[in-house]
Number of protein chains: 2
Amino acid sequence: MADGPTINTIAARAGVSIASVSRVLNGLPTRQETVRKVMAAADELGYVRNAVARSLKSRRTHQVAFAMADVGNPAYLAMLREIQPVLKAAGYRLVLHSTDAVVADEIDVLHSLGERYVDGLIMSPLRVTDAHLEMLAAARAPVVIIGQVPEGTRVDNVRADSRTGVRLAIGHLHALGRRRIALVNGPLDTVPGAARGAAYREALEDLGLPYEEELVEIGDFYRPEGRRAVAELLARRPDVDALMCANDLIALGALDVLRGAGRRVPEDVAVVGMDDTDLAAASWPALTSVSLGSAERGRAAAELLLDRLQGGEREPRLVTVAPRLVVRASTLGEGHRAAGSGDRTGESGDRAGESGDRAEGSGA
Amino acid sequence: MADGPTINTIAARAGVSIASVSRVLNGLPTRQETVRKVMAAADELGYVRNAVARSLKSRRTHQVAFAMADVGNPAYLAMLREIQPVLKAAGYRLVLHSTDAVVADEIDVLHSLGERYVDGLIMSPLRVTDAHLEMLAAARAPVVIIGQVPEGTRVDNVRADSRTGVRLAIGHLHALGRRRIALVNGPLDTVPGAARGAAYREALEDLGLPYEEELVEIGDFYRPEGRRAVAELLARRPDVDALMCANDLIALGALDVLRGAGRRVPEDVAVVGMDDTDLAAASWPALTSVSLGSAERGRAAAELLLDRLQGGEREPRLVTVAPRLVVRASTLGEGHRAAGSGDRTGESGDRAGESGDRAEGSGA
DNA sequence: CCCCACACCGTAAACGTTTACAGAAAGAAG
DNA sequence: CTTCTTTCTGTAAACGTTTACGGTGTGGGG
C-alpha cells in the first residue's frame with residue numbers, strides 16, 4: 001500500500017506540467033500528442049484521482065448524508081432503498097447516520113454539516129425540537145426533512161399524512177360492517193402516536209361512531225407490547241370486532257394474541273396495521289396495512305435535495321405523500337381471495353419480491 | 001450559506017497565527033491566554049473544522065465503505081445493522097454502496113478505493129471473479145470480504161458455513177421422523193445455490209437416505225418462484241413430508257402453496273427456511289430457519305477492519321461464523337408451543353423486537 | 001522580413017488544514 | 001548584565017488538486 005501516484009508523478013513521467021495533466025484528465029482542450037503522453041503515463045502508473053484533494057478545491061464532495069433514527073427500522077429502510085439509487089444515478093455517494101432516536105445525535109449530525117464532508121443532508125427526525133430548528137436555520141448545506149416540521153420553517157420538507165391514513169383504514173373497517181373498532185396505539189408523546197390517536201377520534205366522529213376510552217390501548221411500537229396491549233383490550237372488551245394498530249409490529253402482536261384466544265381473523269376480528277412493511281405481506285393472514293408511502297417519501301426527498309444541489313435558490317418546497325390502504329386477508333378474509341396469493345393485491349407484494357434474497361448468504 | 005469561517009478568520013480575530021489556532025483546536029500545549037482568545041473567537045464565529053482539508057493533510061477520512069449487493073436484501077441489512085454501530089463507536093462514518101449484484105459495479109467500488117475517500121472497505125460480493133482478485137491484490141486501502149474467497153487470497157475474510165447449516169436443518173427434520181425431504185433451491189450457478197445443493201446431498205448421504213432427483217426443484221431466491229417450485233414439487237411427489245428451502249422467501253412461498261393445497265404445516269409437511277430473516281418470525285406458522293449469522297458476520301467484519309485500520313501489518317485473518325438452527329412452529333408445530341409465542345424460541349424473535357418500528361412514520 | 005493571432009503549455013496561487021522549524025520572550029543561573 | 005533554558009508562537013511548507021494568467025512557438029498576413 002505504498003503511496004499512490006499523483007498528478008506530479010504523471011507530469012514527471014510524461015514530461016509535461018501538472019496543469020497539462022489536470023487538463024487532460026478533465027477533458028479540456030489539449031494537443032493530441034500531449035493527451036497521448038499523459039494518458040499513457042496515467043495508465044502505466046495506475047493513477048486514480050484523489051477525491052479529497054479534488055473536493056477541497058472544488059468545494060464539492062459528491063456525498064450526501066441520510067440520517068435515520070434506526071438502521072433496523074423497516075420504514076426507514078424502505079426510504080433508504082429509494083434514496084440510494086436516486087443518489088447513485090446522480091453521481092453521489094450515500095453516507096449513513098443512525099441517530100438511535102437520540103436528539104443530541106441528530107443535532108450532532110446537523111452540526112457536522114459544517115465539516116463539509118457532504119454536500120447535503122436528508123434527515124428524518126423523531127421529533128423536532130427548538131434546537132433542531134436553530135441548527136436548520138444555520139445549516140451550512142441544503143437539508144431536506146422527512147416528517148412534520150413547524151409551519152414556516154424554511155426547509156425542504158416531505159410529509160406523510162397519517163391522519164388521512166387512519167381515516168382510510170377506519171372507513172374500510174366501517175364499510176365492512178365493523179362497529180366496535182379499537183385502537184392499539186404507541187406512546188402519545190411521539191409524533192406518530194399523537195397524530196394517530198387524534199385521527200382515530202376524528203374518523204369515528206365522522207362516521208357517527210362513539211369514541212370510547214375503553215377501546216383505546218396504549219403501548220409502544222413493538223410486537224411484545226402489542227401482545228400485551230391487545231390481551232388487555234380483549235379482556236376488557238371481548239366484543240371488539242376490529243383492531244386498528246398503529247404499526248405493523250403491533251398488528252403482528254395482535255395476530256398472535258387473537259390466534260391464541262381462538263378468534264378468527266378476519267371473521268371475528270379484523271386487523272389493520274400501518275406502514276405496510278414487508279412483514280405485512282409475510283404474515284398469515286396477510287395484514288391489511290396503511291402505507292404511508294415510505295418509499296415515495298424517500299424518493300421525493302432525494303429528488304428535492306438533488307434539485308437544490310444542482311440549482312436553485314428557489315423557495316423551500318413541501319411534498320406531501322398520500323397514504324394508501326393496502327387490503328389483504330386480515331380484513332377481507334380468505335373467502336375473497338385465492339389461497340396462496342397472500343400478497344398479490346398490495347404493491348408491497350411485489351416489493352417483497354424485488355427486495356428479496358438473491359445471493360443472500362453468498363459467503364457460505 | 002455564505003462561506004464559513006476558517007482557521008484564518010479565527011486567527012485574524014484572535015490576533016494570533018493560524019498555527020496557534022490549530023494547536024488550540026487540537027489540544028496541544030498552549031498558553032492559557034491564547035487558548036482563551038482562540039476559543040472565544042471560534043465560538044463567536046461558530047467555527048467548524050473542515051473535514052476535507054483535514055483529511056487531505058492527515059490522509060485519513062474517518063470514513064469506511066460497505067458494499068452490498070442490494071440495499072433491500074434482509075440478509076445484508078442484518079449485517080448493516082451490526083456494522084453501523086461498531087464503526088460509529090470508533091468514530092467512523094459509513095458510506096453505503098449498493099452494487100445491484102453487478103460485477104462491474106463491484107469492481108468499480110474496489111477501483112474507487114484509489115480515490116481515497118474512505119479509509120477502508122467491507123465488501124460482500126455476489127461471486128468472486130478474477131477481476132475481483134486482481135483489484136483486491138492491488139487495493140490501496142484495507143478490505144474485508146464477507147463471503148467465500150479462493151484459498152490463499154491475501155485478504156481479511158469472514159465466512160458463513162451454509163454447508164453445516166443445511167446439515168443441521170436436515171438432521172433436525174430427520175430426527176422428527178421425516179424421510180422424504182425435498183430441497184427447494186435457487187440457481188446452481190450462484191455461490192449459495194451451489195453450496196446448498198451439495199450440502200443437501202451430503203446430508204442425506206450421512207443419514208443413509210437416498211438422493212432422489214425428483215425431490216429437488218430449482219427456482220430463484222424469491223417468493224413467487226418459490227410458489228411455483230413448490231407447486232411442481234407437490235404435483236410430482238405428493239408424498240413429501242418436509243421442505244428444505246434455500247432461503248426464507250422461498251419458504252414463505254412454500255407456506256402459501258401448502259396452505260392452498262390444504263396441507264397442514266408442520267403436521268403434514270415441515271418447512272425450513274434459511275437466513276433467519278425478520279420475515280421468518282413474522283410468518284404463520286413461524287418459520288424454522290437456519291441462521292447463517294448475518295449479524296455476527298457483519299460485526300466480525302467491522303471489527304477486523306477496525307483492527308486493520310488501527311494497527312497491524314498482521315497476516316490476513318479468517319473468521320468463520322457457525323450456523324444456528326432456529327426452531328419455530330413450521331417444524332415443531334403448535335402442540336409444542338403456547339399460542340401467541342410464535343417467536344419466543346429463536347433469538348430472532350428478540351431481534352424482531354429490537355429492530356422494530358419505534359417512531360416509524362414519524363413524519364406523519 | 002516583421003508582426004500578430006492563435007493554440008498550447010507552464011508557473012504559481014488557491015482550497016483549509018497540520019506540523020517542522022526557527023525565532024521571540026521570559027525566567028533562572030552564573 | 002550576560003548566557004542558557006524553557007516555553008510559547010509565527011512562518012512556511014506540505015497534502016493533491018484546479019485554474020487564472022502569462023509565456024512560448026507556430027503560422028499567416030502585411
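Here is a short, friendly note that walks through this predicted model point by point.

1. **How the two protein chains meet.** A good place to begin is the contact between chain A and chain B. On one side 87 residues of chain A take part, and they touch 86 residues of chain B. If you would like one element of chain A to look for, choose helix α11 (residues 248-260), which gives the most to this side, with seven residues. Sorted by class, the side of chain A that touches chain B has 39 nonpolar, 26 polar and 22 charged residues.

2. **A sheet shared by both chains.** Next, follow the strands from chain A into chain B. Twelve strands make an open sheet in the order β11(A)-β5(A)-β4(A)-β3(A)-β1(A)-β2(A)-β2(B)-β1(B)-β3(B)-β4(B)-β5(B)-β11(B), and the pairing is mixed. β11 (318-320) of chain A and β11 (318-320) of chain B stand at the edges with a single partner strand each, so one side of each has no neighbour in the sheet. From one strand to the next, the twist averages 20°.

3. **Two pairings inside that sheet.** Where do the chains join in this sheet? Strand β2 (residues 93-98) of chain A pairs with strand β2 (residues 93-98) of chain B; the sense is antiparallel, and there are three bridges. Here A:V95 stands opposite B:V95, which is a handy pair to find on your screen. Out at the edge in chain A, strand β5 (residues 156-159) and β11(A) run parallel and are joined by three bridges. One pair to look for is A:V158 with its bridge partner in β11(A), A:V319.

4. **A sheet within chain A.** Chain A also holds an open sheet of six strands, in the order β7-β6-β8-β9-β10-β12, again with mixed pairing. Its edge strands are β7 (216-218) and β12 (324-326), each of which pairs on one side only. Neighbouring strands are turned against each other by 20° on average, direction ignored. Within this sheet, strand β6 (residues 181-185) runs parallel to strand β8 (residues 242-245), and four bridges join them. A:L183 stands opposite A:M244 in β8(A).

5. **The helix on that sheet.** You have already met α11(A) at the contact with chain B. This helix also packs on the six-stranded sheet, where it touches β6, β8, β9 (270-274) and β10 (288-291) of chain A. The direction of α11(A) makes about 155° with that of β9(A).

6. **Two helices that cross.** Two packed helices are described by the angle between their axes and the distance between the axes. How does this work out for helix α8 (residues 162-175) and helix α9 (residues 191-207) of chain A? Their axes come within 8 Å and cross at roughly 40°. α8(A) and α9(A) are therefore oblique to each other, and their crossing is right-handed. α8(A) brings A:S162, A:R163, A:V166, A:R167, A:I170, A:G171 and A:H174 to the contact, while the residues from α9(A) include A:P192, A:A195, A:A199 and A:L207. By class, this contact has nine nonpolar, three polar and three charged residues.

7. **Around DNA strand C.** Which residues come nearest to DNA strand C? Of the 28 residues around this strand, they are A:A19, A:T34, B:I7, B:N50 and B:A53. Two or more residues come from each of α2 (18-25), α3 (32-45) and α4 (51-58) of chain A, and from each of α2 (18-25) and α4 (51-58) of chain B. The surface near DNA strand C divides into eleven nonpolar, nine polar and eight charged residues.

8. **Around DNA strand D.** There are 27 residues around DNA strand D, and A:I7, A:A19, A:N50, B:A19 and B:T34 come nearest. The elements that give two or more residues here are α2 and α4 of chain A with α2 and α4 of chain B. By class, this surface has eleven nonpolar, nine polar and seven charged residues.

9. **Backbone details to look up.** Try finding the cis peptide bond from A:V265 to A:P266, with omega near 10°; A:P266 is in the loop between α11 and β9 of chain A. The peptide bond from A:W284 to A:P285 is also cis, with omega near -10°, and A:P285 is in the loop between α12 (278-282) and β10 of chain A. Finally, B:H62 has a positive phi, near 55°, although this residue is not a glycine. Look for B:H62 in the loop between α4 and β1 (63-68) of chain B.

How values were computed. Residues are numbered from 1 along each chain as its sequence is written. Chains are lettered from A and ligands numbered from 1 in the order in which they are written. This is a predicted model: local features need pLDDT of at least 70, side-chain atom pairs count only at pLDDT 80 or more; totals for chains, interfaces and linings use all residues. A residue is near a molecule or strand if its C-beta atom, placed from the backbone, lies within 6 Å of it. Ala, Val, Leu, Ile, Met, Phe, Trp, Tyr, Cys and Pro count as nonpolar, Asp, Glu, Lys and Arg as charged, and the others, Gly among them, as polar. Axes are lines fitted to C-alpha atoms, for helices over the stretch in contact, and angles run from 0 to 180 degrees between N-to-C directions. Angles under 35 degrees count as roughly parallel, over 145 as roughly antiparallel, 65 to 115 as roughly perpendicular and the rest as oblique. A crossing is left-handed if the near helix is turned anticlockwise from the far one by less than a right angle, and right-handed if clockwise. Two residues are in contact if their C-beta atoms, placed from the backbone, lie within 7 Å. Two strands pair if DSSP finds at least two bridges between them.
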